[in-house]
Amino acid sequence: MSVRDAAGEVDVGRRSELALSREVIARTALAILDEEGVRGLTVRGIAGRLGVQSPSLYNHVASKDEILDAVTELIGREIDVSGLDDPDWRRGMSAFARSYRQAFRAHPDALALIARRAVETQPALATYDAALRALLRAGWPSAEALQLLAAIDYLVLGSVLVPFTGGFVRRPAEYADGYPSLAAALAGAPDLAELDDSGFERGLAALLRAGPAG
């Protein structure tokens with residue numbers, strides 16, 4: 001098929017192919033994940049949304065795995081690491097952890113798909129390197145810095161993947177028969193909708209309360 005049709009206009013499918021790039025494919029995949037979840041993400045679905053045939057994607061990415069790597073890079077670029085330059089390491093790590101959580105909280109279905117993948121993308125490696133550099137600069141021994149960063153990782157990713165309040169779908173009173181302590185706690189929470197945020201902040205504060213040994 002020619003690039004231009006009889007009317008002299010660029011064919012729609014050909015225009016789509018000309019506009020393809022690794023980043024366009026990744027952004028489309030991320031949009032599908034956000035809108036349809038993990039089950040909706042297929043190479044055919046990405047191609048269909050872009051108005052091309054599936055083989056056209058492979059001119060820009062080698063596989064679905066590479067698409068997931070590109071999606072990981074997009075989300076990684078949303079994490080603000082500038083706070084890690086703060087001379088107050090606790091304040092810097094707090095800002096970093098909140099940004100880290102917010103980046104994945106905006107794309108929870110993407111996190112469910114990529115959480116078990118190896119850390120290989122440049123933004124992810126650079127983020128871990130920056131966080132460790134900040135801790136080492138603050139006097140943390142390497143082994144303890146890694147432990148703290150791992151704990152922050154667990155807190156951030158766990159809070160996104162499995163929100164605490166998401167597990168309690170009944171009204172508090174419905175737990176009273178058999179689970180009175182749970183019912184009372186849920187009923188007494190000042191704002192159940194904000195419990196996940198306040199719980200995250202409490203956990204983060206607890207992790208950062210200690211300082212480097214020595």
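This passage describes the overall build of a predicted model, its annotated N-terminal regions and one helix pair.

The protein chain is helical in its assigned elements, with 11 helices and 0 strands. Read from the N terminus, the order of elements is accordingly α-α-α-α-α-α-α-α-α-α-α. The C-alpha trace extends over about 70 × 50 × 25 Å along its principal axes. The radius of gyration is 22 Å, whereas a compact globule of 214 residues would be near 17 Å. Of these 214 residues, 34% are buried. Among contacts between residues at least 6 apart in sequence, 67% link residues at least 24 apart.

Two annotations help with orientation along the chain. An unreviewed UniProt entry places the feature "domain: HTH tetR-type" at residues 19–79. This span is 67% helix and 0% strand, and its end C-alpha atoms are 27 Å apart. UniProt, again in an unreviewed entry, also lists a "DNA-binding region" at residues 42–61. Here the chain is 60% helix and 0% strand, with 14 Å between the end C-alpha atoms.

Further along, a helix pair invites a careful look. Helix H6 (residues 89–105) and helix H11 (residues 195–209) have axes that come within 11 Å and cross at roughly 145 degrees. The crossing of H6 and H11 is right-handed. On the H6 side, the contact is formed by Trp89, Arg90, Met93, Ser94, Ala97, Arg98, Arg101 and Arg105. H11 contributes Asp196, Asp197, Phe200, Glu201, Leu204, Leu208 and Arg209. By class, 8 residues of this H6–H11 contact are charged, 6 are nonpolar and 1 is polar.

How values were computed:
Residues are numbered from 1 along each chain as its sequence is written. This is a predicted model: local features need pLDDT of at least 70, side-chain atom pairs count only at pLDDT 80 or more; totals for chains, interfaces and linings use all residues. Side-chain values use heavy atoms; hydrogens and water are left out. UniProt positions are given in the numbering used here, feature names are shortened, and annotations may be inferred rather than shown by experiment. Helices (H or I, at least four residues) and strands (E, at least two) are DSSP runs, numbered from the N terminus. Axes are lines fitted to C-alpha atoms, for helices over the stretch in contact, and angles run from 0 to 180 degrees between N-to-C directions. A crossing is left-handed if the near helix is turned anticlockwise from the far one by less than a right angle, and right-handed if clockwise. Contact means heavy atoms within 4.5 Å. Ala, Val, Leu, Ile, Met, Phe, Trp, Tyr, Cys and Pro count as nonpolar, Asp, Glu, Lys and Arg as charged, and the others, Gly among them, as polar. The radius of gyration is taken over C-alpha atoms; the globule rule is 2.2 Å times the number of residues to the power 0.38. Buried means under 20% relative accessible area, exposed over 50%, partly exposed in between (1.4 Å probe, protein chains only).
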